[in-house]
Amino acid sequence: QVQLVESGGGLVQPGGSLRLSCAASGTIRSIYNMGWYRQTPGKQRELVAHATSGGTTNYADSVKGRFTISRDDAKNTVYLQMNSLKPEDTAVYYCNADILSVRNSRNTYWGQGTQVTVSS
């Protein structure tokens, strides 16, 4: 079994910062791509940031220059540092990971989601 557990969401004022964490645990052999998505009511889940196992990153245009994705592969953890937050960043944030299990089964897993609210 593999699971992703997120933490770090909350309420922050516009212009503030938050750091999200997502730790993968279970019967993991390797982790390939890891990413963060977000979703607001009535809208499709959208990619925020993505990091490959080789270190390549990419970002949604709306967060470039403000958000930074990073990985600690020794801890099977991905982070999202969010700076200069705006009200439009308010959403439920989900982490996502492409994982090869010890049984050599490769699947995509999702975290449970963490609420980020940007409001004064």
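Colleague: Is cysteine 95 buried or exposed in this model?
Modeller: The model is predicted, so every value here is computed from it. The relative accessibility of cysteine 95 is 0%. The cut-off for the lowest class is under 20%. Cysteine 95 therefore counts as buried.

Colleague: Which residue forms a disulfide with cysteine 95?
Modeller: A disulfide is a covalent bond between the sulfur atoms of two cysteines. The structure holds 1 disulfide. Here the two sulfur atoms lie 1.9 Å apart, and the partner of cysteine 95 is cysteine 22.

Colleague: How many residues apart are cysteine 22 and cysteine 95?
Modeller: Their disulfide links distant parts of the chain. Cysteine 22 sits in strand β3, and cysteine 95 sits in strand β9. Their separation is 73 residues.

Colleague: What is the angle about the S-S bond of cysteine 22 and cysteine 95?
Modeller: Cysteine 22 is buried, with 0% relative accessibility. Its link to cysteine 95 is right-handed. The angle about the S-S bond is 40 degrees.

Colleague: Is serine 21 buried or exposed?
Modeller: Serine 21 lies in strand β3, residues 18-26. Its contacts beyond four places in sequence include Val5, Trp36 and Tyr79. Its relative accessible area is 17%. The cut-off is under 20%, so serine 21 is buried.

Colleague: Which strands are at the edges of the open sheet?
Modeller: Strands of a sheet pair through backbone hydrogen bonds, either parallel or antiparallel. In this sheet, 4 strands pair in the antiparallel sense, in the order β1-β3-β8-β7. An edge strand pairs on one side only, which gives β1 (2-7) and β7 (67-72).

Colleague: Which residue in β3 is the bridge partner of valine 2?
Modeller: β1 and β3 pair in the antiparallel sense. They do so over 6 bridges. In β3, the bridge partner of valine 2 is glycine 26.

Colleague: What is phi of asparagine 76?
Modeller: Most residues other than glycine have a negative phi. Asparagine 76 has a positive value. This residue is in the loop between β7 and β8 (77-82). Phi of asparagine 76 is near 55 degrees.

Colleague: Is asparagine 104 buried or exposed?
Modeller: Asparagine 104 is in the loop between β9 (91-101) and β10 (106-110). Its phi is also positive, near 60 degrees. Its relative accessibility is 54%. The cut-off is over 50%, so asparagine 104 counts as exposed.

Terms used
Residues numbered from 1 in each chain as written. Predicted model: local features only at pLDDT ≥ 70, side-chain atom pairs only at ≥ 80, totals over all residues. Heavy atoms only, no water. Helix = DSSP H or I, 4+ residues; strand = E, 2+ residues; numbered from the N terminus. Buried < 20%, exposed > 50% of the residue type's maximum accessible area, 1.4 Å probe, protein only. Contact = heavy atoms within 4.5 Å. Pairing = 2+ DSSP bridges. Disulfide = S-S within 2.5 Å.
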